[in-house]
Each structure stands twice: as C-alpha cells, then as structure tokens.
Amino acid sequence: TGIDADGTRFIWNPLMDVIRADGKYGDMTLIVKVDEFNRTPSTTAGNFWLPIIEEGRIPVPEAGEIVDVNRKVIFIFTVNEGAGYGGTVDIDTALRDRMDVNALIGYLDTKDEVNLILDRWGKQTGITREQAKQVVTAAQQVRSMAAQREVRSGISTRNILKAVEMTQYGLTLNEACHAIWTDGYPDEAQRERVTTAVNASIPTA
C-alpha cells in the first residue's frame, strides 16, 4: 500500500505487474524465474503458487480483487534438493504435480565450463584455455569422488569461478583452488583426496 494526497491506495508489486493478464506487459510472453524455491516454507509457497499454476488466477485481498494470470507467462522454479543443502524444505506434492516439466540440471560439459571461465575471468586474470582445462579437470575428479561418496560434495561451477577470480590477487591457480576448494572439506581424509586431485591436474608453480 501507499499513501498520497488522496489517502491510502494499493500498489501492485513488480511480480504482480508481470503476471497480471491486465498488467502493463499485456499479452507478451514472459519468463518468471523463482530461484531457490525450496528455501521458502512449503505451506507458504503452496498457498501462493497453487492457484496461479492450477487456476490461472489469484485472490489479492488487499486490492479486493481476484487477479487473472497472463497465460503466456512461463514460470521456472529452481531448487537444490538433498541432504547436503541446509535450510531447504520438501516441495508440496500437490504443487510439484502441477509443474509441467521436471529437469535435472547437472554440471556443464568440459568445453562449456572452460568457455565460461574464459568469458568471466579471462581478461581480468589472464588465464589461458589450457589452464582453464586444468581447473575443470581437477573439479571433475573431485566430482567423481563425490559421486562415489569419497568426499562430501563436488566442486560447483561457482567455486571454480571463485578460484580463478582469486588469482588476480596474487595466488597461483593451484593455491587458489586449495584455498577455495580443499580447505572447505570437513576432515583430513577428504582434504587429502581433494589435494591429490588438484595437484595432479594443476601445476604447483
């Protein structure tokens, strides 16, 4: 709500501006990405999203309206699921059943991950394609260990980029990978395995 010379009035938030059939975007095809969806309490999320997805409308008591949803809006919900992700909740079964497509997104392939490194940090750090391949190879080895439950988790693309970023502050690639990756594992046995993978792929000098 807002207050002006005419008194209190209702103001639509940006999300409702996008999804309303009579909103400012008309009948344009739009994509709404709801990131980290399962970090919202399941009941709260379900109560809000179920009528939008199932019925194409949502009651907004504050405005005294039942809002029709633009049917050209595409909703994408991203989640991290599993015991390794703290602070997450199970998605309500009824809500999950109403989602049209479930897609499991894994790691990028080698070429794409190398290209991402170069696009993001190539100019700033001077990293070469060969060095980027070395970093990706080391990360892939740790991911294989995680799949075999030899270490707690694999190396995310985010942590690959963090390690490369650190080289602009004077660390070698090897040192940066140890600082960002190795030291984050909870026990000596896991750290030793990650150390071996990093040192096997990335020169220490």
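How many residues lie between strand 4 and strand 5 in the hairpin that they form? Please keep in mind, as we go through this, that what you have in front of you is a predicted model. The answer is four residues, and in the turn Gly-64 has a positive phi of about 70°. The two strands, strand 4 at residues 57-60 and strand 5 at residues 65-68, run antiparallel and are joined by four bridges, and within this pairing Arg-57 stands opposite Asp-68 of strand 5.

Let me stay with strand 4 for a moment. In a regular strand the side chains alternate between the two faces of the sheet. Here Ile-58 and Val-60 make up the covered face of strand 4, whereas Arg-57 and Pro-59 make up the uncovered one.

Now to the helices and the interior. The largest nonpolar core has 28 residues, and Ile-117 and Trp-181 are those with the most contacts inside it. At least two residues of this core come from each of helix 4, helix 5, helix 6, helix 7 and helix 8, with helix 5 giving the largest share, eight residues. Another core, of 20 residues, lies apart from this one, and its members include Trp-49, Ile-53, Met-99 and Ile-58, the last of which we have just met on the covered face of strand 4.

Coming back to Trp-181, and leaving aside its neighbours within four places in sequence, we find it in contact with, among them, Val-135, Ala-138, Ile-160 and Val-198. As for helix 7, its buried residues, which are Leu-173, Asn-174, Ala-176, Cys-177 and His-178, pack against helix 5, helix 6 and helix 8.

Methods. Residues are numbered from 1 along each chain as its sequence is written. This is a predicted model: local features need pLDDT of at least 70, side-chain atom pairs count only at pLDDT 80 or more; totals for chains, interfaces and linings use all residues. Side-chain values use heavy atoms; hydrogens and water are left out. A nonpolar core is a set of buried Ala, Val, Leu, Ile, Met, Phe, Trp, Tyr and Cys residues joined through side-chain atoms within 4.5 Å. Buried means under 20% relative accessible area, exposed over 50%, partly exposed in between (1.4 Å probe, protein chains only). Contact means heavy atoms within 4.5 Å. Two strands pair if DSSP finds at least two bridges between them.
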